[in-house]
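Me: Please take a close look at a single part of this model, the largest pocket, and follow one part of its lining outwards. I am new to this structure, so please explain the terms as you go.

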Amino acid sequence: MISLIRTTSEHPDFVELVKLLDAYLAIIDGAEHSFYAQFNKIDMLKNVVVAFENGEAVGCGAFKPFESDKVEMKRMFVKEKMRGKKIAYQVLNELEQWAAALGFHHYVLETGIRQSAAISLYHKAGYQIIPNYGQYIGVENSVCFGKKLI
């Protein structure tokens with residue numbers, strides 16, 4: 001059974017999962033990794049969710065304020081051996097519920113065009129492709145998504 005905790009970016013299990021995420025993205029993104037890495041610093045993230053199975057940290061995600069009425073979902077990751085168990089969906093759902101409880105009802109995120117599993121997850125979770133925003137404007141390998149609760 002998967003359990004979720006709400007924490008901050010200082011949680012040691014989150015830090016370790018992000019190291020695995022960054023190693024994975026370095027392979028997927030190749031030469032573009034350093035460009036994306038500058039936008040993925042985890043210091044000062046106050047809204048982090050870590051997923052556990054039998055006491056082992058197996059997935060994570062976070063959000064940060066983006067605009068007055070929006071948050072940006074960040075650092076979504078599930079260990080490779082745990083993929084296909086809907087853990088990322090559970091983490092994303094928990095992040096959305098947390099953001100909504102704080103008064104945010106509009107979510108944005110960016111993922112790489114090569115990350116087909118992530119793109120599929122966001123579509124299934126009700127996100128729609130939106131024009132690239134902020135630092136991702138004009139970046140061909142980025143796909144941006146948005147979701148607004150009614």
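Reply: A pocket here is an open set of points on a 1 Å grid over the protein atoms alone, where a 1.4 Å probe fits and protein lies on both sides within 12 Å along at least five of seven lines; lining residues have an atom within 4 Å of a point. The model is predicted, and local features need pLDDT of at least 70, whereas totals for linings use all residues. Residues are numbered from 1 along each chain.

The largest pocket has a volume, the space filled by probe spheres set on its points, of about 910 Å³. Its lining holds 35 residues, and those closest to its centre are Met-76, Ala-117, Ala-118, Leu-121 and Tyr-122. Two or more lining residues come from each of α1 (12-29), β4 (70-78), α3 (87-101), β5 (106-112) and α4 (116-124), where helices (H or I, at least four residues) and strands (E, at least two) are DSSP runs.

Of these elements, β5 repays a closer look. Seven of its seven residues are buried (under 20% relative accessible area, with a 1.4 Å probe), so β5 is largely enclosed by the rest of the structure. His-106, Val-108, Glu-110 and Gly-112 point one way from the strand, while Tyr-107, Leu-109 and Thr-111 point the other way.

The strand β5 runs parallel to β4, joined by three bridges, and His-106 in β5 is the bridge partner of Lys-70. With strand β7 (residues 142-148), β5 runs antiparallel through seven bridges, and there Gly-112 stands opposite Ser-142. In the loop between β5 and α4 lies Gln-115, which counts as buried because its relative accessibility is 15%.

How values were computed: Predicted model: local features only at pLDDT ≥ 70, side-chain atom pairs only at ≥ 80, totals over all residues. Heavy atoms only, no water. Buried < 20%, exposed > 50% of the residue type's maximum accessible area, 1.4 Å probe, protein only. Pairing = 2+ DSSP bridges.
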